[in-house]
Amino acid sequence: VQQISNCFRPPPGNDRWEAVIYFEIREDGTVRGVRPVERSGSAAFNLAAIGAVADCASGRFGPLPDELPYEVLPVQFTFRPRGIGR
């Protein structure tokens, strides 16, 4: 959550925008399958949300913990102008 929050730079404007983005974190920490589940109505806001995930895809997440019994961790984030909700 913190990594994505550090990368998320929403455009100024409507404080009611909300976008839901789905992605998967692979065992090695790389990201795949980034796609919007719900769009905000603002192309700039949607791109900022997708961009935040893409910025983290370069290794900011790190590998999945060994004790996690998954090879891929599905994640869905809700982005709002004042922060990220789960």
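This is a short selection tour of the structure above.

**Before you start**

This is a predicted model, in which local features need pLDDT of at least 70 and side-chain atom pairs count only at pLDDT 80 or more, while totals for chains, interfaces and linings use all residues. Residues are numbered from 1 along each chain as its sequence is written, and side-chain values use heavy atoms, with hydrogens and water left out.

**Stop 1: strand 1 and its partners**

Select residues 19-26. This is strand 1. Strands here are DSSP runs of E with at least two residues, helices are runs of H or I with at least four, and both are numbered from the N terminus. Seven of the eight residues in strand 1 are buried. Buried means under 20% relative accessible area, exposed means over 50%, and partly exposed lies in between (1.4 Å probe, protein chains only). The areas come from the Shrake-Rupley method with a 1.4 Å probe, and for residues only the protein chains shown count as cover.

Now add residues 31-38, which form strand 2. Strands 1 and 2 run antiparallel, joined by five bridges. Two strands pair if DSSP finds at least two bridges between them. Pick Y22 and look across to strand 2: its bridge partner there is R35. Then pick E24, whose partner in strand 2 is R32.

Next, find the turn of this hairpin. Four residues lie between the two strands. Click G29, which takes a positive phi near 95°.

Add strand 3, residues 72-80. Strand 3 is also antiparallel to strand 1, and eight bridges join the two. Select A19 to see one of these pairings: its bridge partner in strand 3 is F79.

**Stop 2: the salt bridges**

How many salt bridges does a search of the whole structure find? It finds two. A salt bridge is a side-chain nitrogen of Lys or Arg within 4 Å of a carboxyl oxygen of Asp or Glu. Side chains of opposite charge can pair when their charged atoms come close.

Show the side chains of E18 and R80. They meet in a salt bridge, at 2.9 Å from N to O. This pair links distant parts of the chain: E18 sits in the loop between helix 1 and strand 1, R80 is in strand 3, and 62 residues separate them. E18 is partly exposed, with a relative accessible area of 32%. R80 is partly exposed too, at 34%.

Go back to R32 and E24. Their side chains form a salt bridge at 2.7 Å, N to O. Is E24 buried or exposed? E24 counts as buried, at 17% relative accessibility. R32 counts as partly exposed, at 35%.

**Stop 3: the loop before strand 1**

Select F8, in the loop between helix 1 and strand 1. F8 is buried, with a relative accessible area of 7%. Measure from its C-alpha to that of A49: the separation is 6.3 Å, although the two are 41 residues apart along the chain.

Move to P10, in the loop between helix 1 (2-7) and strand 1. P10 counts as partly exposed, at 28%. The C-alpha atoms of P10 and A52 are separated by 9.5 Å, with their positions 42 residues apart along the chain.

**Stop 4: helix 2 and the loop before it**

Click S42, in the loop between strand 2 and helix 2. S42 counts as buried, at 9% relative accessibility. From S42 to A19 is 9.1 Å, C-alpha to C-alpha, and 23 residues in sequence.

Now select G51 in helix 2. G51 is partly exposed, at 24%. G51 and Y22 are 12 Å apart in space, C-alpha to C-alpha, and 29 residues apart in sequence.

**Stop 5: a charged patch**

Finish on the surface. Select E27, D28, D66, E67 and E71, which gather in a patch of negative charge. Patches are made of residues with over 30% relative accessible area and no salt bridge; like charges are joined within 9 Å, and nonpolar side chains (Val, Leu, Ile, Met, Phe, Trp, Tyr) within 5 Å. Asp and Glu count as negative and Lys and Arg as positive, while His and the chain ends are not counted. A charge is placed at NZ of Lys, CZ of Arg, CG of Asp or CD of Glu.

Last, zoom in on E71. E71 lies in the loop between helix 2 (43-56) and strand 3. E71 is exposed, with a relative accessible area of 59%.
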